[in-house]
Structures are given as structure tokens and as C-alpha cells.
Amino acid sequence: MESISKARCDENGDWLTVVKSPATTNLQLTKGSDPTTPKDNTLDINYIAWTIKYPSALRAFDQMMNAAKGKRIVVFLDYDGTISPIVADPDQAFMTDAMRSAVGEVARHFPTAIISGRCRDKVYKFVQLANVYYAGSHGMDIMAPLQPIIRNGGLNKFQTRSVDENGREAVLFQPAKEFLPTIQEIFRVLQERTKVVHGVMIENNKFCLSVHFRRVSHEDWNKLEELVKSVAVQYPQFCLTRGRKVMEIRPSIKWDKGHALEYLLDTLGYGNSTDVLPLYIGDDLTDEDAFQVLQRRGQGYPIIVSSIPKDTKASYSLRDPSEVMAFLLCLARWKRNSSSNSLQL
């Protein structure tokens, strides 16, 4: 006979039910509104063990915010797989209105930036929030606040005065601008070379080129990889990286999402602050660079979004974009309550 134990999952009233059978040592953890009825959404024991090392940011929320009191929170978000679903066609990766509302609510209370591998203009079209900062191409294309404070004066040569999507004066930071003509050349070569593979999609993200293979037959993955490698090897100033069913060719410069995070902290005036608390939420390998920066700084909370166990530099986890939205709503509510309590004192 199966034994059932239960525990409340989160502030939404969902339950996690642990079902253990005497005939097996396996545990099944299921989520549903009925605490005595297992559902189809089972989490295997490996994921449960993984979340012991990387606790849910929802369950640890109160503990995290207790440590955040008196700190200046800055929020950084990836886009695909974090605030939007991973889909077969990247052009259809729309965020929900509910998620847009949650991100906008957080941005009303805290400086908020989206750092994506996508072209910055595309991300803005998806998000359409005026109170958010945008960084595209893994941080190689940043629209930053005017009059940034720079740690290293050598970065000034990559900056130009500009106007953002909402007509406000801003600073455009593009450390890989010199590579644009070559990137366009590689884009054309990639399209020609990979057209023999059915289902491949080449996305031009301005400063990096993304080769999506979610629609490619598994039997053709190795073939596609060899074709992409044959292109990348012709351009020694570029490197080939991998993400979630995507390969990317981008300039081999010392710049990534971690550098972009620090640049934005500087431009927002928090670069040398000892009381800043950055939150970075992301799901992909490229987000690990930002996680590593937070770990090195000894500041903030790196949060991985994953439904499977994986190696990560993060400290906390969220399962999917729906949990990201729940976390963001909790964060906005915490700030509202904190502000209300301060006014009452």
C-alpha cells in the first residue's frame, strides 16, 4: 500500500505530494491542488536532490528578503526560457500579458534590465516596457542610462550618445561594432551552407548569429554541427558556442552577460556600492557568466531556471517561467509591503 505525505508548495496554495510505495525505493513528487491525489507532473528523485543544493527561490523567498533589508535591489532577467517559453520557432517566443505585467510591476520598484542573446530590438518588441533597460546579443548591444559611470575608461570608445526606443536620451554601448560587416558575411555563408538541412533556422541577432535546430531531425544534428563548424573555422576572430538546442557564432571578445551585468551596475551608479543586491534570473549556459560574477562579487542572488538537474554557478532555482512570474510578483508585493510599513513607522 502506498503511503502519502504532503506539504504546501507555494503562496498559490499548490501542494507537493510525496508518494512512496513499499515495493520500491523510488519517490514521486507530484504537484496539484488535491493533496491526496497524485498528478501527472512528477518530479524525479534526482531533481528533488538537486533542489536541496539549489533551493527554490519561492520557498526561500522570506529568507532571501530578510537578508535584503537595507539593500538596493537591482533585477536582471534573461528572456527566452526565463520570462518567455522556449518554443520551436524563436520568432513566436511571445511573453504573456501576465508576465509583462509582473516584469513591469517589478521595474516600477527596482531598476530592471533584460540581458538576452537575442537582438536588442527584437527583445524590446517582445517586452514593450518603457521602464526596463535592454541588452541584446549577450550584452554586446546595450542601451544604458545617460552619463554612465565607467570603471574602465577604455570602454568609452564603445559608447555613443543615442536615443532609446521611447525617445529618451541614452548611451548605446556596442563593444563588437567593428565586427558587424563580417557578421553579415558569415550570416550569408551560414544560410547557404546549411540550407541542405531541413528545419534549421538561422537568426541574425546583430552581434551574434544563432543556429536553431529544434525543428531539425535528431539524425541530422551531427551533420548540421559539422556544417556550422566548417563555417566558424574560417573566421578565427569568432567563436562557436552552444545553448539549448542552439549554436551561436559570435566575436571572440572578452565580453559576456557577466560583463554586461557589471556595466549596467556601473551605469546605474551601483558599481562600487557595498549595499547593492543584484538578482539575476536565467536558464541558459550563457547566464552562467552572470552567475559567476555575482558569486565573485559576493553580492546578490544568482537564480537558475530549470526543470532538470544541471551544473550551475547559481545559488537558487526556479522550475520554469511560471515560477519566475510568481517570484517576481512576490518581489513586487514584498517591496509594496515594506514601503507601507516604513510609512506607518
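**Figure 1. Val-276 in strand S15 of the predicted model.** Val-276 belongs to strand S15, which covers residues 276-282. The model shown here and in the following views is predicted. Val-276 counts as buried because its relative accessibility is 2%, and the cut-off for buried is under 20%. Beyond its neighbours within four places in sequence, Val-276 is in contact with Arg-72, Val-74, Leu-265, Tyr-270, Arg-297 and Gln-299. Ala-68 lies 208 residues away from Val-276 along the chain, yet the C-alpha atoms of the two are separated by 9.0 Å. For the chain as a whole, residues 24 or more positions apart supply 58% of the contacts that have a separation of 6 or more.

**Figure 2. Helix H2, the helix that contains Ala-68.** Helix H2 runs over residues 61-68, and Phe-61, Met-64, Met-65 and Ala-68 in this helix are buried. These residues lie on the same side of H2, because they cover an arc of only 95° around the axis. An α-helix has 3.6 residues a turn, so residues three or four places apart point the same way. Asp-62 and Gln-63 are exposed on the other side of H2. Gly-70, just after H2, has a positive phi of about 85°.

**Figure 3. Asp-80 and its surroundings.** Asp-80 sits in the loop that links strand S5 (72-77) to helix H3 (97-109). Is Asp-80 buried or exposed? Its relative accessible area is 19%, so Asp-80 is buried, the cut-off being under 20%. The side chain of Asp-80 makes a polar contact of 2.6 Å with the side chain of Arg-118. Arg-118 is also one of the residues that Asp-80 touches when those up to four places away in sequence are not counted; the others are Ile-86, Ala-93, Ser-116 and Asp-283.

**Figure 4. Strands S6 and S7 with helix H4.** Strand S6 (residues 112-115) and strand S7 (residues 133-136) run parallel and are joined by three bridges. In one of the pairings between S6 and S7, Ala-113 has Tyr-133 as its bridge partner. Together with helix H4 (residues 120-127), S6 and S7 make a β-α-β unit, and this unit is right-handed.

**Figure 5. Strand S8 and its partners S7 and S10.** Strand S8 (residues 141-144) pairs with S7 in the antiparallel sense, over three bridges. Tyr-134 stands opposite Met-143 of S8, and Gly-136 has Asp-141 of S8 as its bridge partner. Four residues lie between the strands in the hairpin of S7 and S8, where Ser-137 takes a positive phi near 50°. S8 also pairs in the antiparallel sense with strand S10 (residues 169-173), again over three bridges. In that pairing Ile-142 stands opposite Phe-173 of S10. In a regular strand the side chains alternate between the two faces of the sheet. Both faces of S8 are covered, with Asp-141 and Met-143 buried on one side and Ile-142 and Ala-144 buried on the other.

**Figure 6. Helix H5 and the elements that cover it.** Helix H5 (residues 180-194) has 15 residues and reaches 21 Å from its first C-alpha to its last, close to the 21 Å expected at 1.5 Å a residue. Which residues of H5 are buried? They are Ile-183, Ile-186, Phe-187, Leu-190 and Thr-194. Viewed down the axis of H5, these buried residues fall within an arc of 110° and therefore line one face of the helix. Pro-181 and Arg-188 are exposed on the other side of H5. The cover over the buried residues of H5 includes helix H6 (221-232) and four strands: S11 (201-204), S12 (209-212), S13 (238-243) and S14 (246-251).

**Figure 7. The whole chain, for orientation.** The chain has nine helices and 17 strands. Of its 345 residues, 50% count as buried. Among these are Val-276 of the opening view and Asp-80.

How values were computed:
Residues numbered from 1 in each chain as written. Predicted model: local features only at pLDDT ≥ 70, side-chain atom pairs only at ≥ 80, totals over all residues. Heavy atoms only, no water. Helix = DSSP H or I, 4+ residues; strand = E, 2+ residues; numbered from the N terminus. Buried < 20%, exposed > 50% of the residue type's maximum accessible area, 1.4 Å probe, protein only. Polar contact = N/O pair within 3.5 Å; in protein donor to acceptor, adjacent residues only side chain to side chain. Contact = heavy atoms within 4.5 Å. Pairing = 2+ DSSP bridges. Right-handed = clockwise from strand over helix to strand, strands pointing away. Expected span 1.5 Å × (residues − 1). Arc of directions from axis to C-beta.
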